[in-house]
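Here is a short report on the rings, charges and hollow spaces of one protein. Have a look at the model first.

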Amino acid sequence: MADTARRPEHRYGNRPTMKDVAARAGVGLKTVSRVVNGEPGVTPDTERRVQEAIDSLGFRRNDSARVLRKGRTASVGLVLEDLADPFYGPLSRAVEEVARAHGALLINGSSAEDPEREQELALALCARRVDGLIVIPAGSDHRYLEPEIQAGVATVFVDRPAGRIDADVVLSDSYGGAREGVAHLIAHGHRRIGFVGDRPRIHTATERLRGYRAAMEDAGLEVADSWVSLGPTDPERVAGTVRAMLSGPDPVTALFAGNNRVTVTAVRVLAEHAAPVALVGFDDIELADLLGITVIAQDAAALGRTAAERLFRRLDGVEEPPTTTVLPTRLIPRGSGELAP
């Protein structure tokens, strides 16, 4: 029996061209080009016919030629640690809003805290001719970006400084915020306070630990080695660390959590603990107001907005030495940090 089945038509890959639009509208290529690029010299009736042809065909302008002529793509790249982390949602949105106000498209991706992946992603964005980059560093050596910066790719680092290059940086006051949070616990009577933070190679983790130690020193309190733990923030590691700090003959009576992921795990562990334990977390988390969790809050949107404004200032041609901007944090008392020992 003969196979009479028809082969399916290709749905993808046949994009309409200006030639197709010109044929549909019954005009020349130059006329279509003028309409597409908003140039004068086309009658209203002809413009209407061209626009109807564009709409019916689903034509979209290919900006590649314009990029080659102007040397700008009207796009910027954002390299984050983890797109799934709630902290980066408002930061990314703020960058996007500033980019949109400047007529630019935002392209973002996650480094997953891997320096090699960060480099790979940043250079891939540069290869796609983005005009600028905003980078939340995973690595500590950013000399790989020097040729890109010299070639005109404006670059701003956020949340953590660049490594081994001079560049614009926008930070939160991790040191001051942690110092204030721990001082708050001390003011409520705590003397044995645990600190659980991120990996020691991460700038924010070491700055928050420095703030913790400064607050303890200010109060004349010694810090036992068992009260401090830096490392991956996966739930298993953090839960084990918190349980260890809460056990033994002299358990901690309060915890300072170094970031939002640590705070979430600490809340779960403390919910199982018989005695009340005070908690202050660095970074606000969802439902923290309902759960009564005291936090040191960063303004993630302000970080993103400030970095993006700095980036577009550079793209507008402002030439000045690299700057470091430090944004303040805010203590929000909600109950967990006010528990007595």
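Which residues form one aromatic cluster? Phe195, Tyr212 and Phe256 do. The model is a predicted one, and the cluster is a good place to start reading it.

**The aromatic cluster**

A search of the whole structure finds three aromatic pairs. One of them joins phenylalanine 195 and tyrosine 212. This pair is tilted, with 40 degrees between the planes. The rings lie 5.4 Å apart, centre to centre. Phenylalanine 195 belongs to strand β6 and tyrosine 212 to helix α9, so their contact ties together parts 17 residues apart in sequence.

Phenylalanine 195 also pairs with phenylalanine 256. Here the rings are stacked, with 10 degrees between the planes. Their centres are 6.0 Å apart. Phenylalanine 256 sits in strand β8, residues 254-257, and phenylalanine 195 in strand β6, so this pair ties together parts that are 61 residues apart in sequence.

Are these rings buried or exposed? Phenylalanine 195 and phenylalanine 256 are both buried. For phenylalanine 195 the relative accessible area is 0%. Tyrosine 212 is buried too, and its relative accessible area is 0%.

**Charges over rings**

Two arginines come next. Arginine 208 places its charged end over the ring of phenylalanine 282, at 3.8 Å from the ring centre. Arginine 210 does so with tyrosine 175: its charged end sits over that ring, 4.0 Å from the centre.

**Enclosed and open spaces**

How many cavities of 30 Å³ or more are there? The count comes to two.

The largest cavity holds about 110 Å³ of space. It is lined by 14 residues. Closest to its centre are Glu81, Tyr88, Arg208, Asn259 and Asp283. Helices α9 (203-218) and α11 (260-272) are the elements that give two or more residues to this lining. Eight of the lining residues are charged, four are polar and two are nonpolar.

The second largest cavity holds about 30 Å³. Its lining consists of Phe195, Gly197, Asp198, Thr204, Ala205, Arg208, Gly258 and Asn259. Two elements give two or more residues each: β6 (193-197) and α9. The largest share, three residues, comes from α9. By type, this lining has two nonpolar, four polar and two charged residues.

Some names recur. Phe195, a member of the aromatic cluster, also lines the second largest cavity. Arg208 lines that cavity, and its charged end sits over the ring of phenylalanine 282. Arg208 is also among the residues closest to the centre of the largest cavity, as is Asn259. Asn259 appears in the lining of the second largest cavity too.

There are pockets as well. The second largest pocket contains about 290 Å³ of space. Its lining has 14 residues, and those nearest the centre are Ile149, Ala154, Thr155, Asp168 and Arg314.

The table sets the three spaces side by side.

| Space | Volume | Lining by type |
|---|---|---|
| Second largest pocket | about 290 Å³ | six nonpolar, three polar, five charged residues |
| Largest cavity | about 110 Å³ | two nonpolar, four polar, eight charged residues |
| Second largest cavity | about 30 Å³ | two nonpolar, four polar, two charged residues |

To finish, return to helix α9. Tyrosine 212 of this helix pairs with phenylalanine 195 of strand β6. The helix also gives two or more residues to the lining of the largest cavity, and three to that of the second largest cavity.

Terms used:
Residues are numbered from 1 along each chain as its sequence is written. This is a predicted model: local features need pLDDT of at least 70, side-chain atom pairs count only at pLDDT 80 or more; totals for chains, interfaces and linings use all residues. Side-chain values use heavy atoms; hydrogens and water are left out. On a 1 Å grid over the protein atoms alone, a cavity is a set of points where a 1.4 Å probe fits but cannot get out, and a pocket is an open set with protein on both sides within 12 Å along at least five of seven lines; lining residues have an atom within 4 Å of a point. Grid points are joined across faces, edges and corners, and a volume is the space filled by probe spheres set on the points. Ala, Val, Leu, Ile, Met, Phe, Trp, Tyr, Cys and Pro count as nonpolar, Asp, Glu, Lys and Arg as charged, and the others, Gly among them, as polar. Helices (H or I, at least four residues) and strands (E, at least two) are DSSP runs, numbered from the N terminus. Rings of Phe, Tyr and Trp (its six-membered ring) pair if their centres lie within 6.5 Å; planes under 30 degrees apart count as stacked, over 60 as edge-to-face and the rest as tilted. Buried means under 20% relative accessible area, exposed over 50%, partly exposed in between (1.4 Å probe, protein chains only). A charge sits over a ring if NZ of Lys or CZ of Arg is within 6 Å of the ring centre and within 35 degrees of the ring normal.
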